[in-house]
Amino acid sequence: MLVSGIDDGYFPLTYKGKRGKCPLVSVTFDGYKLVDVDVEFITVDGDDATTAYKNLRKGDIKILDSIIVGGFNYIIPDNNYIIYYASKPDIDSILNAARKHYNDKRVNVIKEFLSNMIALSTNRGTVYVNTDLDLKMVKSVIEYYQIFSKYPEPIKYAHIIGKAIGQSQLISD
């Protein structure tokens with residue numbers, strides 16, 4: 001079974017308000033072996049992350065480090081997804097910020113997914129997920145990849161790679 005971690009990458013604050021792009025990264029594992037990395041670029045605070053997400057090469061199960069990426073861009077996941085938070089998100093603060101700056105469709109999408117987070121006890125502590133998969137399977141996948149910390153390796157790798165790509169854009173510009 002192929003498992004992908006999805007996360008965004010670094011962007012400077014000057015990119016906020018649709019003034020720049022940042023990476024959206026998919027890192028795919030077969031067991032503990034890294035087998036694929038794919039990158040798309042999304043508009044910071046835009047609404048193109050779902051399209052970029054659909055274009056990424058991904059495995060059978062996708063672990064997303066939030067549906068909120070690239071500032072307040074957002075992903076609507078398709079199937080076999082796990083939206084992952086290592087700690088309980090402050091939904092009220094997130095929604096207030098979204099309403100203040102973007103009172104549009106993204107507010108409802110974010111509210112729908114974050115309001116349905118489930119606390120899941122793992123060997124590394126309680127995490128919060130929203131998923132369309134069986135919770136026993138979700139727990140098994142998350143614990144399998146929680147090798148060194150509470151964060152599953154696929155999203156940890158996606159985060160590190162996304163950060164490096166985002167920072168390298170600044171150097172090469």
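**Exercise 1. Locate Ile147 and classify its exposure.**

Solution. Ile147 lies in the loop that links helix 4 (135-145) to helix 5 (153-172). The model is a predicted one. The relative accessibility of Ile147 is 33%, so this residue counts as partly exposed. Ile147 also belongs to a nonpolar surface patch of about 440 Å², which Tyr32, Tyr144 and Phe148 make together with it.

**Exercise 2. Determine where Gly31 lies, whether it is buried or exposed, and which residues it contacts.**

Solution. Begin with the position: Gly31 is found in the loop between strand 2 (21-30) and strand 3 (33-43). Next, consider its accessibility. Buried means under 20% relative accessible area; Gly31 has 18% and therefore counts as buried. Finally, set aside neighbours within four places in sequence: Gly31 is then in contact with Met1, Tyr144 and Tyr145. As for Asp65, which is 34 residues apart from Gly31 along the chain, the two C-alpha atoms are separated by 19 Å.

**Exercise 3. Compare the expected span of helix 2 (residues 91-102) with the distance between its end C-alpha atoms, and describe its faces.**

Solution. Helix 2 has twelve residues; at 1.5 Å a residue, it should span 16 Å. Its end C-alpha atoms are 16 Å apart, which agrees. The next step concerns burial: Ile94, Leu95, Ala98 and Tyr102 are buried in helix 2. Viewed down the helix axis, these buried residues fall within an arc of 95°, so they line one face. An α-helix has 3.6 residues a turn, so residues three or four places apart point the same way. On the other side of helix 2, Asp92 and Lys100 are exposed. The cover over the buried residues of helix 2 includes strand 5 (68-69) and helix 3 (105-114).

Key
Residues numbered from 1 in each chain as written. Predicted model: local features only at pLDDT ≥ 70, side-chain atom pairs only at ≥ 80, totals over all residues. Heavy atoms only, no water. Helix = DSSP H or I, 4+ residues; strand = E, 2+ residues; numbered from the N terminus. Expected span 1.5 Å × (residues − 1). Buried < 20%, exposed > 50% of the residue type's maximum accessible area, 1.4 Å probe, protein only. Arc of directions from axis to C-beta. Contact = heavy atoms within 4.5 Å. Patch = residues over 30% accessible without salt bridge, like charges linked within 9 Å, V, L, I, M, F, W, Y side chains within 5 Å. Areas by Shrake-Rupley, 256 points an atom, 1.4 Å probe, with all protein chains shown as cover. Salt bridge = Lys/Arg side-chain N within 4 Å of Asp/Glu carboxyl O.
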